[in-house]
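I opened this entry to look up how one strand sits among its neighbours, and what lies around it.

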Amino acid sequence: TALAQRILQPNAAEESNGLEDARFTRFVDPDGVVEYRATYTAYDGHQIAPRLLISSDLREFNAYRLAGSAARNKGMALFPRLVGGRHLALCRTDGENISLAYSTDGFRWSEPTLLYGPSRAWEVVQVGNCGPPVETERGWLVLTHGVGAMRTYSLGALLLGLDDPRIVLAASDGPILTPDAAHRDGYVPNVVYTCGAVNVGDLLVMPYGVGDQSISVATM
């Protein structure tokens, strides 16, 4: 099958009601070996479980259950390489804030450290990551989502320290994308949402969902 035709369907018991929000990154290990990794949310109709996909070619995939105190709730996002000799991930274990978690093997995750919480009106209910960080010369660029009044989902951004991602260097004052008249309707109204972006030269290309109904692409 062509890549655009490839579909991952529920397989494990904890995925019996679906799998969603896969956050893919191209992971390069210290030896230069490249593989594609994604965290995703499994749902059995009662509980959610964070799981991990690993593939060397995007044709065959292995799935694993994640463990540890940081591997709960939705929205883990992996860094594309080791930082300080450890695997890093962004997470939202408390449902409201963005935290940073560590792992020695990529499967068992430590107690998370609070990184960034709601501080502006457009993110007053909760904030979370919108996919794996993008490495730039000035730091790790992290797309975020914020939930504001009327459960409106908007997108923002953070910049984290390159050598020490615990340091938040900058945060967008306002949203970089918010539901306008063309984005307000849908299965879940007033929502724009993404699970990742890719840098192509000086462009950041970001596919995003609109109201859980359609998909658009933004560049910046």
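**Entry: strand β7**

I began with a single pairing and noted that cysteine 91 has serine 99 in β7 as its bridge partner. The model is predicted, so to speak with care, local features need pLDDT of at least 70 and side-chain atom pairs count only at pLDDT 80 or more, while totals for chains, interfaces and linings use all residues. Residues are numbered from 1 along each chain as its sequence is written, and side-chain values use heavy atoms, with hydrogens and water left out.

I then looked up the strands themselves (DSSP runs of E, at least two residues, numbered from the N terminus). β6 and β7 pair in the antiparallel sense over five bridges, where pairing requires that DSSP finds at least two bridges between two strands. Six residues lie between β6 and β7 in their hairpin, and glycine 95 in the turn has a positive phi of about 85°. On β8, I found leucine 114 opposite serine 99, and β7 and β8 pair in the antiparallel sense over three bridges.

Is β7 covered on one face or on both? Both are covered, with Ile98, Leu100 and Tyr102 buried on one side and Ser99, Ala101 and Ser103 buried on the other; buried means under 20% relative accessible area, with a 1.4 Å probe and protein chains only.

Last, I looked up the largest nonpolar core (buried Ala, Val, Leu, Ile, Met, Phe, Trp, Tyr and Cys residues joined through side-chain atoms within 4.5 Å). This core has 15 residues, and Ile98 and Leu100 are among those with the most contacts inside it. Its largest share, three residues, comes from β7.

How values were computed. Buried means under 20% relative accessible area, exposed over 50%, partly exposed in between (1.4 Å probe, protein chains only). Helices (H or I, at least four residues) and strands (E, at least two) are DSSP runs, numbered from the N terminus.
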